[in-house]
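Work through the exercises below with the sequence and the 3D view side by side, and try each task before reading its solution.

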Amino acid sequence: MSSLALTRRAARTDVGARWESRLIRAAHPVVARVVDVAVARRPVVRMPGVGLLVADPVAARRVLSDTEHFAKQGPGSSGALWTPVLGDRVLLNMDGDEHARLRRLLADLFSPRVVDEVCREAADPIIARAGERLRSGEALDVVQLARDVSAAVIAVVVGLSADTDPAALVRASDDIESMVTWRTRALDADDVDRARRALAVVQDAAEAAHREARGDTVMGRLALQGVSLDDGRSVAAALFLTGVGTVNSALPRIIGQLADSGLLERGPATSTDVDAVVAEGLRMTTPSLVTLRRCARPTELHGIRLRQDERVVVLLWWATRLEGGFDPGRRTPAELRHLWFGAGSHFCLGAPLALAQLRAMTAMVLEVAAERGLVIARRRAARRVLVPRYAELSLGAGAGG
Ligand code: HEM
């Protein structure tokens, strides 16, 4: 590449990196700045009132993988936040054998083969329609596309009845997300009540699949194993909460990175490796910005002594930063690999499902871009949300389209 081309590319990746920071700050205006300053000096540092901040990838992986010293349950953990809403047996607030058993029971519903089938059934028709619109020159808001696809896909996996309104599902996810901030250690009684009412949309729609007890839906699989309807409703809600907001955040941010790097200009689609784009896009965006643990036993991390019950704030987004911004051609350093999906026993159960959806949507955008070139017509960061995201990112025809 010529030095001019390299300079141009560097300037563009800067734009992408700046947009990422802007999204984080729009979502968490005060905390993001404070955290930026704190971890710029030391990647593992104690912040009074918040907990031990961990932005170093090796230390982050250790916290997530070392279940002897770091737990998902108990005061200050994310499990504690969700238990009053979801019940106490929903994967993300479980540890130990019971947790491993429930994961095993559901694992093959999330295997790459099964999720490819689900995506063909639920996502491909929506994505094909969106592609037609883009090809015909209409603008396409990829925020809306991701919302439609993620709701349709999760509905099939969980086993929600076909007449469930996808928009109502995504609204429920937004409502619940809006109740939690970085400082939230427990939801108050009114919030618990509101969250439960919002989730009832999902849970009611899942009841029929529990009754039918077929092995190809989460609800059916749970029923066949004798898991009660109440516990099944809880798992349905948990999968929905974990699986919708993250994908909705990721897709438009990945497309934003592609556009900012000049990769949506007209050109041969075959030169772009979609898997590499999605992996690097997920590293760059790391939608689960932060996850929490409680120190279960005193230990040392990165030279710092931790007390029992201390709160540990694993800063996944900060831990996955690399020099040079978005670069699908790079080899991800081993210590970062898949860290955006967590690590250890709570590693994202839905990762294959997320990847399949993101791959299908990104491939469509890249194909249309190769044919006619695409540009960002409008974009807007969402303000004060838990999972940083665009409120809108609309694509339109590029100069040559
Ligand atoms: C780009 C999209 C996604 C990202 C970045 C993501 C990220 C993560 C991360 C970081 C964790 C671990 C949290 C921790 O250890 O505290 C996690 C757990 C989990 N994710 Fe995902 N996720 C995504 C999509 C999905 C989807 C589509 C589903 C499907 C339902 C899903 C279901 C889950 C579940 C059930 C857990 C809890 C697993 C356990 O505790 O054993 N995720 N995810």
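The exercises that follow concern a predicted model, and each one is paired with a worked solution.

**Exercise 1. The iron site**

Find which protein atom serves as donor to the iron atom of the ligand, and say where its residue lies in the chain.

Solution. Begin at the iron atom of the ligand and look for donors from the protein, of which there is a single one, the SG atom of Cys348, at 2.3 Å. Then follow the chain on either side of Cys348, which places this residue in the loop between helix 14 (316-319) and helix 15 (351-372).

**Exercise 2. Two helices that cross**

Describe how helix 4 and helix 10 are arranged relative to each other, and list the residues through which they meet.

Solution. First take the axes of helix 4 (residues 78-86) and helix 10 (residues 189-212), which come within 9 Å and cross at roughly 65 degrees. Next determine the hand of the crossing of helix 4 and helix 10, which is right-handed. Finally read off the contact, in which helix 4 contributes Pro84, Val85 and Leu86, while helix 10 contributes Val192, Ala195, Arg196 and Leu199. Sorted by character, the residues of this contact comprise 6 nonpolar, no polar and 1 charged.

**Exercise 3. An open sheet**

Work out the strand order of the open sheet of 3 strands, and explain why strand 4 and strand 9 each have one side without a neighbour in the sheet.

Solution. The order in this open sheet is 4-10-9, and the pairing is antiparallel. Strand 4 (140-141) and strand 9 (374-381) stand at the edges with a single partner strand each, so one side of each has no neighbour in the sheet. Looking more closely at one pairing, strand 4 and strand 10 (residues 390-397) are joined by 2 bridges, and Asp141 has Ser394 in strand 10 as its bridge partner.

**Exercise 4. The partners of strand 8**

Determine in which sense strand 2 and strand 5 each pair with strand 8, and which way the side chains of strand 8 point.

Solution. Start with strand 2 (residues 51-54), which runs parallel to strand 8 and is joined to it by 3 bridges, with Val54 having Val314 as its bridge partner. Turn then to strand 5 (residues 291-295), whose pairing with strand 8 is antiparallel and extends over 4 bridges, with Arg293 standing opposite Val312. As for strand 8 itself (residues 311-314), Arg311 and Val313 point one way and Val312 and Val314 the other, yet all of them are buried.

**Exercise 5. Burial and contacts in helices**

Decide whether Leu134, Glu280 and Ala370 are buried or exposed, taking under 20% relative accessible area as the cut-off for buried, and locate what lies around them.

Solution. Leu134 belongs to helix 7 (residues 124-135), and its relative accessibility is 1%, so it counts as buried. Setting aside neighbours within four places in sequence, Leu134 is in contact with Leu140, Met364, Val368, Arg372, Leu374 and Leu395. One of these, Val368, is 234 residues from Leu134 in sequence, although their C-alpha atoms are 7.2 Å apart in space.

Glu280 in helix 13 (residues 274-285) has a relative accessible area of 2%, and is therefore buried as well. When residues up to four places away in sequence are not counted, Glu280 touches Gly325, Phe326, Asp327, Pro328 and Arg330.

Ala370 in helix 15 has a relative accessible area of 19%, which is under the 20% cut-off, so this residue is buried too. The C-alpha atom of Ala370 is separated by 9.1 Å from that of Leu263, a residue 107 residues away along the chain.

Conventions: Residues numbered from 1 in each chain as written. Predicted model: local features only at pLDDT ≥ 70, side-chain atom pairs only at ≥ 80, totals over all residues. Heavy atoms only, no water. Axes fitted to C-alpha atoms, helices over the stretch in contact; angles between N-to-C directions. Left-handed = near helix turned anticlockwise from the far one by under 90°. Contact = heavy atoms within 4.5 Å. Nonpolar A, V, L, I, M, F, W, Y, C, P; charged D, E, K, R; others polar. Donors = N, O, S within 2.8 Å, 3.2 Å for Na, K, Ca; no water. Pairing = 2+ DSSP bridges. Buried < 20%, exposed > 50% of the residue type's maximum accessible area, 1.4 Å probe, protein only.
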